[in-house]
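Biologist: I'd like to learn how the words we use for a protein model are earned. Shall we look at one together?

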Amino acid sequence: MKSVKEGLLLKQTSSFQRWKRRYVRIRGKTLYYAKDSKSLIFDEVDLTEASVAETSTKNINNSFTVITPFRKLILCAENRKEMEDWMGALKAVQNLLLFQHFQLTSDHFSSTHNWYTCSHARPTFCNVCRESLSGVTSHGLSCEVCKFKVHKRCAVRASTTCKWTTLATIGNDIIEDEDGVAMPHQWLEGNLPVNARCASCDRMCGSVRRLQDYKCLWCKAIIHGTCRDQFSKKCPLGQYRVSILPPTVLNCMDSDGFWKASCPGACSSPLLAFVNSKSGDNQGVRFLRKFKQFLNPAQVFDLMNGGPHLGLRLFQRFSTFRILVCGGDGSVGWVLSEIDTLGLHKQCQLGVLPLGTGNDLARVLGWGSLCDDDTQLLQILEKMERATTKMLDRWSVLTWEAPGGVLTRRAGQCTPVSNRTDMLIRELEMEPPAAAGYLESAPLAAPAAEEEDGGDEDDFEGGAVGGVPAEVCQPSSLVPPAFRSKDQMVLRANSLKKALRQIIEQAEQDSRRDTLSSTASSVFLDQPDDSSSSNFAEEPVTIQFSEKCVMNNYFGIGLDAKISLEFNNKRDEHPKKCSSRTKNMMWYGVLGTKELLQRTYKNLEQRVQLECDGEVMALPSLQGIAVLNIPSYAGGINFWGGTKEDNNFGAPSFDDKKLEVVAVFGSIQMAVSRVINLQHHRIAQCRVVKITICGDEGVPVQVDGEAWVQPPGIIKIQHKNRAQMLTRDRAFESTLKSWEDKQKGESYRSVRPRLNSQQSMEYLTEDEYRLLQRFARSADILITRIREVAKIHKAIEQELAHSVNGCASALTEVLPSKRSGSSPESLSRNSAVEVSISVKALYNEARAYVEGKLQLDSPRREEGLQVALANVSQELEKVSEIHWMAPILNAVTEEESLGHASKGSFRLRLNISRGRKSKSHKVKWSSSVSVDKWGPEEVASWLDALGLGEYKDIFTRHEIQGSELILLERRDLKDLGIRKVGHVKKILQGIKDISQDL
């Protein structure tokens with residue numbers, strides 16, 4: 001019988017949990033293992049009723065456990081990919097599937113549990129036998145997707161259905177109506193979070209004594225078992241339903257057995273998630289699990305297991321969809337290349353979650369330099385849904401290699417000789433007339449005597465370029481000397497003549513050889529001047545380029561490419577030494593320091609020729625050339641030296657179809673560029689870059705961090721296409737959040753107190769009308785002062801614009817200048833209430849902002865604003881004395897005090913020690929209400945005072961009041977989703993402080 005899989009693994013022994021290498025073989029439904037492949041006796045493990053699970057959540061050593069009713073076998077693989085292959089083979093044996101087919105398609109859509117051993121900090125119950133999971137550590141198994149809990153002995157008897165992936169996995173629970181197929185709830189019983197409440201009756205759910213009540217795996221709704229019949233049967237898929245691909249969409253298969261998605265209107269722009277499980281210090285595995293918990297597991301793919309082709313093929317029927325790549329720049333390039341192959345650029349927008357080392361593309365798109373907190377995944381999904389789209393230029397890197405691996409620089413040899421000739425002529429013109437006369441009588445055109453002299457060979461040794469003597473090639477020797485013998489001048493002139501003759505003879509021989517041969521063995525470099533091309537009458541050979549790769553970020557040749565190449569070689573040889581982001585950065589630093597001493601490519605300008613838009617660029621002495629598409633290089637360096645336009649160059653951008661070309665002078669320059677914006681190394685901005693590598697040795701090049709040695713030839717970089725990228729606009733997010741806060745204010749105003757129907761129909765008296773007009777004029781002056789200040793301080797415009805506009809609109813009902821025909825008889829009490837409430841809201845917001853944030857540079861403007869606020873306050877007190885207005889304004893004041901932390905039932909006092917050695921301050925609270933009588937509003941205000949207002953919604957949703965707040969412990973905060981250690985400690989310290997007052 002043929003083996004399904006075999007190879008070497010580490011097996012944990014019972015003695016001191018040591019590891020020993022064993023040869024493992026899976027054949028049929030039996031696992032065999034022995035000391036080596038030649039052993040005669042193998043131990044056997046029956047896989048008929050076996051289950052397989054990862055050993056732990058982090059699983060640093062890539063180990064897995066094979067659990068049978070009679071024994072437990074712990075094995076360890078070399079890397080995670082190998083571990084997943086072995087686990088897939090074991091599952092394939094159990095399901096009687098071929099391993100290859102199972103690994104690529106069936107496993108991804110099979111909806112089976114993926115177990116790993118875990119511990120629990122609170123009472124947890126088995127979903128199979130309903131008994132408690134006893135023990136301290138690793139006493140049970142948990143599914144990484146649906147969180148189904150079982151004993152190790154119960155794993156074989158567990159339900160085979162995990163979170164649904166396709167329509168076929170839903171089974172008999174499917175809902176059919178007149179609109180078609182609908183998505184039902186998928187309930188999981190028991191093990192609910194702390195303070196969970198029923199979505200139907202709003203009462204407490206769950207228990208720590210037994211397995212009871214249910215939670216939906218899709219919309220996260222929690223409900224009592226008795227309330228399930230009254231609850232809606234259709235699942236709304238929760239808050240992030242826009243990103244979820246419902247299982248009902250995957251309802252048919254292609255001819256080759258691969259699932260394909262239909263495109264219902266309710267699923268207009270789903271999210272396709274690609275995760276590189278090797279990225280980010282093993283963070284990729286954690287993100288992979290989290291995405292499967294919140295999304296459909298069928299829309300989450302591991303790039304290390306099959307690549308991006310399967311996911312893109314699944315989504316290619318959607319007219320629009322979004323892609324999230326969790327990894328480094330290499331992972332993004334991999335996905336974009338596959339999108340090129342399938343032609344999906346018009347359908348998809350791609351976002352990046354940075355998990356790699358450099359993450360340059362994620363930086364310029366606004367997603368930051370690093371994301372290693374998987375607890376913030378829901379916030380990431382929300383930001384992806386609000387992201388804007390920008391176009392990213394992508395560039396083809398075309399290469400042509402010279403036949404025979406040698407590229408001569410013939411035309412380039414004439415250029416230095418011509419330059420030296422011009423300098424020699426200028427030098428002769430500066431000589432005294434006597435020297436010139438001597439040169440005229442000297443036998444300049446008689447080379448025969450010199451050839452007999454034997455000094456011919458000495459003149460053409462060392463430092464010569466194409467036969468030109470070293471003294472001619474060195475610029476220092478061409479500086480006009482004050483005293484120089486006439487014999488030296490004659491020798492130099494004769495040497496120059498012989499150099500020219502040799503170059504011409506060599507060119508003629510090459511020309512005759514190329515004419516007789518059917519295939520050319522060399523190529524002429526394009527020269528900008530006509531004089532050098534006239535020396536060689538033959539036409540350049542037609543060059544056929546081939547696309548080597550596609551550039552998204554940057555291209556490098558020379559120093560930086562060699563560092564990247566050595567790092568890649570080091571990572572391939574010793575993967576464990578480059579297993580984390582910190583280690584990678586250290587290796588880059590070591591290799592950069594090594595190049596600082598070696599200076600391998602200190603004369604790179606002599607080996608390469610650079611052309612930008614067809615123009616040959618004069619290169620300084622350099623060690624490398626970098627071609628930039630984005631303003632971030634080598635882990636965040638702005639190598640171009642700025643982001644604004646100047647007199648010579650335009651502003652760099654990744655969507656302008658232009659490249660920025662800069663010179664790399666050394667490792668020190670690259671290090672300094674992280675701190676200072678250097679600009680003296682700029683070469684050009686262009687649309688096409690052409691680099692010619694001369695000689696007989698290759699030069700290291702790198703594209704987006706992937707390096708190789710390029711043989712002599714030509715490299716051409718030209719525009720290929722554009723990709724739609726999701727960018728994070730923080731200004732837009734801030735504006736949207738401000739708008740949402742204003743909407744909450746509008747909802748509050750919609751329920752504010754009003755006059756009864758009889759009072760609202762009455763009109764104002766003469767005295768009331770005059771009083772209200774003075775109040776309105778003072779408010780109009782306040783609006784004018786705020787608008788004057790807003791011209792200088794833009795932040796106040798964003799904060800108070802809504803209140804100012806609402807108040808100005810209400811004032812048109814009162815002020816005669818803004819309303820024609822205004823009189824007491826035409827103004828009702830209801831309109832007066834609207835005006836008073838609007839002005840009071842503006843006054844409160846303006847005063848709070850001025851006292852808390854605003855710092856004016858002009859004392860006159862500050863005084864004018866303070867006077868306007870004081871006048872409004874005086875008039876507001878007078879208006880409040882009206883008998884029918886006083887209850888309305890007082891009620892508004894009470895409700896505002898409950899809704900704002902700054903006007904709550906307690907005040908925040910900061911006592912900051914001014915001593916030299918004191919580096920912290922203590923926060924104290926004084927409250928008129930006992931802590932155990934606080935409501936959700938007071939708890940929210942307390943969180944604001946701690947600076948942790950981001951958790952207000954969590955505490956409010958779980959209805960944590962003062963009596964529950966003082967009883968919270970660390971594990972309760974963990975169950976609430978508060979993972980950051982600093983925030984947990986701050987909340988616990990705050991609870992300790994307020995508990996001392998009881």
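**Reasoning from values to words**

Modeller: Happy to! This is a predicted model, and we can start with Glu875, whose place is in helix H24, residues 859–880.

Biologist: Why is Glu875 called buried?

Modeller: Its relative accessible area is 12%. Buried means under 20%, so Glu875 is buried. Leaving out residues up to four places away in sequence, Glu875 touches Leu771, Arg774, Phe775 and Ser778.

Biologist: And Ile668, in helix H18 (residues 667–672): how do you know whether Ile668 is buried or exposed?

Modeller: The relative accessible area of Ile668 is 52%. Exposed means over 50%, so Ile668 is exposed. Together with Leu596 and Leu597, Ile668 forms a nonpolar surface patch with about 320 Å² of accessible area.

Biologist: What makes the span of helix H30 close to the expected one?

Modeller: Helix H30, residues 981–995, has 15 residues and reaches 21 Å from its first C-alpha to its last. The expected span at 1.5 Å a residue is also 21 Å. Several residues of H30 are buried, including His983, Val984 and Ile987.

Biologist: Which residues touch the most other members of the largest nonpolar core?

Modeller: They are Phe291, Ile323 and Leu350, in a core of 93 residues. Beyond its neighbours within four places in sequence, Ile323 is in contact with ten-odd names you can look up in the picture, among them Leu271, Phe274, Val335 and Leu350. Apart from that core lies another, of 41 residues, including Leu782 and Ile796.

How values were computed:
Residues numbered from 1 in each chain as written. Predicted model: local features only at pLDDT ≥ 70, side-chain atom pairs only at ≥ 80, totals over all residues. Heavy atoms only, no water. Patch = residues over 30% accessible without salt bridge, like charges linked within 9 Å, V, L, I, M, F, W, Y side chains within 5 Å. Areas by Shrake-Rupley, 256 points an atom, 1.4 Å probe, with all protein chains shown as cover. Salt bridge = Lys/Arg side-chain N within 4 Å of Asp/Glu carboxyl O. Buried < 20%, exposed > 50% of the residue type's maximum accessible area, 1.4 Å probe, protein only. Helix = DSSP H or I, 4+ residues; strand = E, 2+ residues; numbered from the N terminus. Expected span 1.5 Å × (residues − 1). Core = buried A, V, L, I, M, F, W, Y, C linked by side-chain atoms within 4.5 Å. Contact = heavy atoms within 4.5 Å.
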